[in-house]
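Me: I am new to this structure and would like a close look at one part of it. Could you pick a single residue, explain its setting in plain words, and then show me how the rest of the chain fits around that spot?

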Amino acid sequence: MSFSRAETLINKLISNRISEGELAELLAGITDEEERKKYADALEIYFNRLLNENGSGDGAGT
């Protein structure tokens with residue numbers, strides 16, 4: 001599976017492996033109206049993956 005640049009940067013941020021330049025790129029992206037949706041989508045993918053991995057994807061919370 002190929003990750004978008006937004007997903008790659010979000011994953012690096014979450015895993016604490018992001019460089020200073022990549023962080024600047026991420027911050028520029030989330031402040032740009034046209035790019036913001038890509039970052040929001042990348043975060044949604046990440047959180048949905050977490051929910052599925054923890055078996056909480058059904059909304060029951062158990």
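Reply: Let's start with Glu 22, which is buried, with a relative accessible area of 13%. Buried means under 20% relative accessible area, exposed means over 50%, and partly exposed lies in between, using a 1.4 Å probe and protein chains only. Please keep in mind that this is a predicted model, where local features need pLDDT of at least 70 and side-chain atom pairs count only at pLDDT 80 or more, while totals for chains, interfaces and linings use all residues. Residues are numbered from 1 along each chain as its sequence is written, and side-chain values use heavy atoms, leaving out hydrogens and water.

Here is the wider setting. The chain has three helices and zero strands, and its elements run α-α-α from the N terminus on. Helices (H or I, at least four residues) and strands (E, at least two) are DSSP runs, numbered from the N terminus. Glu 22 sits in helix 2. Of the 62 residues in the chain, buried ones make up 16%, and Glu 22 counts as buried.

What does Glu 22 touch? Leaving aside residues up to four places away in sequence, Glu 22 touches Arg 5, Leu 9, Lys 12 and Arg 17; contact here means heavy atoms within 4.5 Å. The side chain of Glu 22 also reaches the backbone nitrogen of Ser 19 at 2.9 Å. A polar contact is a pair of N or O atoms within 3.5 Å; within protein, one must be able to donate a hydrogen and the other to accept it, and residues adjacent in sequence count only if both atoms are side-chain atoms.

One of those neighbours deserves a closer look. Lys 12 and Glu 22 meet through their side chains in a salt bridge, at 2.6 Å from N to O. Since Lys 12 belongs to helix 1 and Glu 22 to helix 2, the pair ties together parts that are 10 residues apart in sequence. A salt bridge is a side-chain nitrogen of Lys or Arg within 4 Å of a carboxyl oxygen of Asp or Glu. Lys 12 itself is partly exposed, with a relative accessible area of 22%. In general, side chains of opposite charge can pair when their charged atoms come close.

Arg 5, another residue that Glu 22 touches, has a salt bridge of its own. Arg 5 pairs with Glu 25, and their closest N and O atoms are 2.9 Å apart. This pair links distant parts of the chain, from Arg 5 in helix 1 (residues 5–14) to Glu 25 in helix 2 (residues 20–31), 20 residues apart. Both partners are partly exposed: Arg 5 has a relative accessible area of 41%, and Glu 25 has 32%.

The structure holds five salt bridges. Another of them joins Lys 38 and Glu 35, with closest N and O atoms 3.2 Å apart. These two both lie in helix 3, three residues apart, about one turn of the helix. Lys 38 is partly exposed at 45%, and Glu 35 is partly exposed at 29%.

Now for a contrast with Glu 22. Glu 7, found in helix 1, is buried yet has no salt bridge; Arg 49, the nearest side chain of opposite charge, is 4.7 Å away. For charge, Lys and Arg count as positive and Asp and Glu as negative, with His and the chain ends not counted. Setting aside residues up to four places away in sequence, Glu 7 touches Ala 42 and Ile 45.

Finally, the helices meet in a nonpolar setting too. Leu 13, Ile 14, Leu 23, Leu 27, Ile 30, Leu 43 and Phe 47 form a nonpolar patch on the surface, together offering about 560 Å² of accessible area. Patches are made of residues with over 30% relative accessible area and no salt bridge, with like charges joined within 9 Å and nonpolar side chains (Val, Leu, Ile, Met, Phe, Trp, Tyr) within 5 Å. Helix 1, helix 2 and helix 3 each supply at least two residues of the patch, and helix 2, the home of Glu 22, gives the most, with three.

Note on methods
Areas by Shrake-Rupley, 256 points an atom, 1.4 Å probe, with all protein chains shown as cover.
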